[in-house]
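User: I am new to this structure and would like to go through it in questions and answers. Please give the reasoning behind each term as it arises.

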Amino acid sequence: MGLYGAQIIRKALTEEKRVSTKTSAADLVTETDHLVEDLIISELRERFPSHRFIAEEAAASGAKCVLTHNPTWIIDPIDGTCNFVHRFPTVAVSIGFAVRQELEFGVIYHCTEERLYTGRRGRGAFCNGQRLRVSGETDLSKALVLTEIGPKRDPATLKLFLSNMERLLHAKAHGVRVIGSSTLALCHLASGAADAYYQFGLHCWDLAAATVIIREAGGIVIDTSGGPLDLMACRVVAASTREMAMLIAQALQTINYGRDDEK
Ligand code: IPD
């Protein structure tokens with residue numbers, strides 16, 4: 001069903017879209033986001049009627065995002081909606097699964113490059129069947145770092161966003177990249193094509209599947225405070241090593257986005 005959803009996304013990518021905004025003028029949604037989300041949920045619900053769902057567009061329509069001990073699917077039907085709207089071909093479907101609040105597996109599909117990233121707790125991470133390994137880099141001055149801007153664009157938030165980027169560049173990171181899809185950026189980290197990722201303002205559906213994939217590729221996913229990841233806290237540092245993750249966490253100033261489970 002994720003792959004069928006990806007076919008729908010691929011076809012719609014170059015077509016005219018009806019675009020609406022959610023929390024800000026940069027937080028976009030199209031009819032395809034809704035269509036793919038409904039398709040994924042209805043198929044999963046038919047197979048697993050007792051399971052719960054947390055999904056991006058349902059949440060935007062007011063559904064509560066509470067992660068209980070029950071088996072829960074955490075879904076982003078189109079990650080990179082802004083890319084999708086602009087026909088920029090970096091878009092993914094992301095599906096994570098948690099039981100007893102523990103992430104068990106994750107699947108992320110790069111819709112245009114047809115790359116399927118998978119991770120299952122204790123069983124490794126793969127891309128189209130090839131094992132994934134993080135780079136193992138520990139030195140920030142040798143790192144390629146990825147981030148995403150997040151939806152808020154008020155002057156105070158933008159100032160903090162740019163100053164965080166500046167801090168990493170002052171620390172002599174080789175580069176900072178923004179590709180417009182947090183899940184695919186996190187997959188690049190899992191593949192060893194980048195050394196770290198940080199963001200304020202991403203949601204549990206951006207993080208759930210990718211967290212399993214990165215951990216199973218040998219990487220670290222933590223809170224920006226340097227403590228354990230809180231899936232609902234809308235902030236993350238992920239890196240190839242704990243040393244790198246801590247260096248980045250220490251460099252960052254917090255941007256407050258609230259929590260997914262308090263909206
Ligand atoms: C967003 C994208 C974006 C990131 C946001 C995400 P969406 O997901 O990954 O790059 O900055 O934080 O929420 O809205 O395209 O599913």
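User: Which residue just after helix 6 takes a positive phi, and of about what value?

Analyst: That residue is Gly 192, whose phi is about 85°. The model discussed here is a predicted one, in which local features need pLDDT of at least 70 and side-chain atom pairs count only at pLDDT 80 or more, while totals for chains, interfaces and linings use all residues. Residues are numbered from 1 along each chain as its sequence is written. Helices (H or I, at least four residues) and strands (E, at least two) are DSSP runs, numbered from the N terminus.

User: What makes helix 6 mostly covered?

Analyst: Of the 10 residues of helix 6 (residues 182-191), 9 are buried. A residue is called buried if 20 or more other C-beta atoms, placed from the backbone, lie within 10 Å of its own, exposed if 12 or fewer do, and partly exposed in between. Among the buried residues of helix 6 are Ser 182, Leu 184, Cys 187 and Ser 191.

User: Why does Asn 83 count as buried?

Analyst: Asn 83 has 21 C-beta neighbours inside 10 Å, and it therefore counts as buried. Asn 83 belongs to helix 4 (residues 81-85).

User: Which residues does Asn 83 touch, not counting those up to four places away in sequence?

Analyst: Asn 83 touches Phe 88, Thr 90, Val 91, Gly 180 and Ser 181; contact requires C-beta atoms, placed from the backbone, within 7 Å. In addition, 9.1 Å separates the C-alpha atoms of Asn 83 and Leu 13, which are 70 residues apart along the chain.

User: Why is Arg 100 called exposed?

Analyst: Arg 100 has 11 other C-beta atoms within 10 Å, so it is exposed. Its place is the loop between strand 5 and strand 6. The phi of Arg 100 is near 50°, a positive value in a residue other than glycine.

User: Is Asn 128 counted as buried or exposed, and why?

Analyst: Asn 128 counts as exposed because it has 11 C-beta neighbours inside 10 Å. This residue sits in the loop between strand 8 and strand 9 (130-131). Its phi is near 45°, a positive value in a residue other than glycine.

User: How do you know that the length of helix 2 agrees with what is expected?

Analyst: The expected span is 1.5 Å times one less than the number of residues. For the 17 residues of helix 2 (residues 31-47) this should give 24 Å, and the end C-alpha atoms are 25 Å apart, which agrees.

User: What puts the buried residues of helix 2 on the same side?

Analyst: The buried residues of helix 2 are Thr 32, Asp 33, Val 36, Glu 37 and Ile 40. They cover an arc of only 130° around the axis, which puts them on the same side of helix 2; the arc is that of the directions from the helix axis to the C-beta atoms. The face of helix 2 turned away from this buried side carries the exposed residues Glu 31, Ser 42 and Glu 46.

User: How far apart are the end C-alpha atoms of helix 5, and how does that compare with the span expected?

Analyst: The 16 residues of helix 5 (residues 155-170) should span 22 Å, and its end C-alpha atoms are 22 Å apart, which agrees. Its buried residues are Phe 161, Asn 164 and Leu 168. They cover an arc of only 60° around the axis, which puts them on the same side of helix 5. Their cover includes strand 10 (144-147), strand 11 (175-177) and helix 8 (242-251). On the face of helix 5 turned away from the buried side are exposed residues including Pro 155, Lys 159 and His 170. Just after helix 5, Lys 172 takes a positive phi of about 75°.

User: How do you know where the ligand lies with respect to domain 1 and domain 2?

Analyst: Domain 1 (2-131) and domain 2 (140-262) both give residues to the shell around the ligand, so the ligand lies between them. The domain bounds come from an automatic or database domain assignment. The C-alpha centres of domain 1 and domain 2 lie 19 Å apart. Their contact takes 38 residues from domain 1 and 28 residues from domain 2.

User: Which residues around the ligand come nearest?

Analyst: Of the 16 residues around the ligand, Asp 79, Thr 81, Glu 148, Ser 182 and Leu 202 come nearest; a residue counts as near if its C-beta atom, placed from the backbone, lies within 6 Å. Strand 4 (residues 72-79) supplies the largest share of the shell, 3 residues.

User: How many residues of the shell around the ligand fall in each class?

Analyst: The shell has 3 nonpolar, 8 polar and 5 charged residues. Here Ala, Val, Leu, Ile, Met, Phe, Trp, Tyr, Cys and Pro count as nonpolar, Asp, Glu, Lys and Arg as charged, and the others, Gly among them, as polar.

Technical notes:
Two residues are in contact if their C-beta atoms, placed from the backbone, lie within 7 Å.
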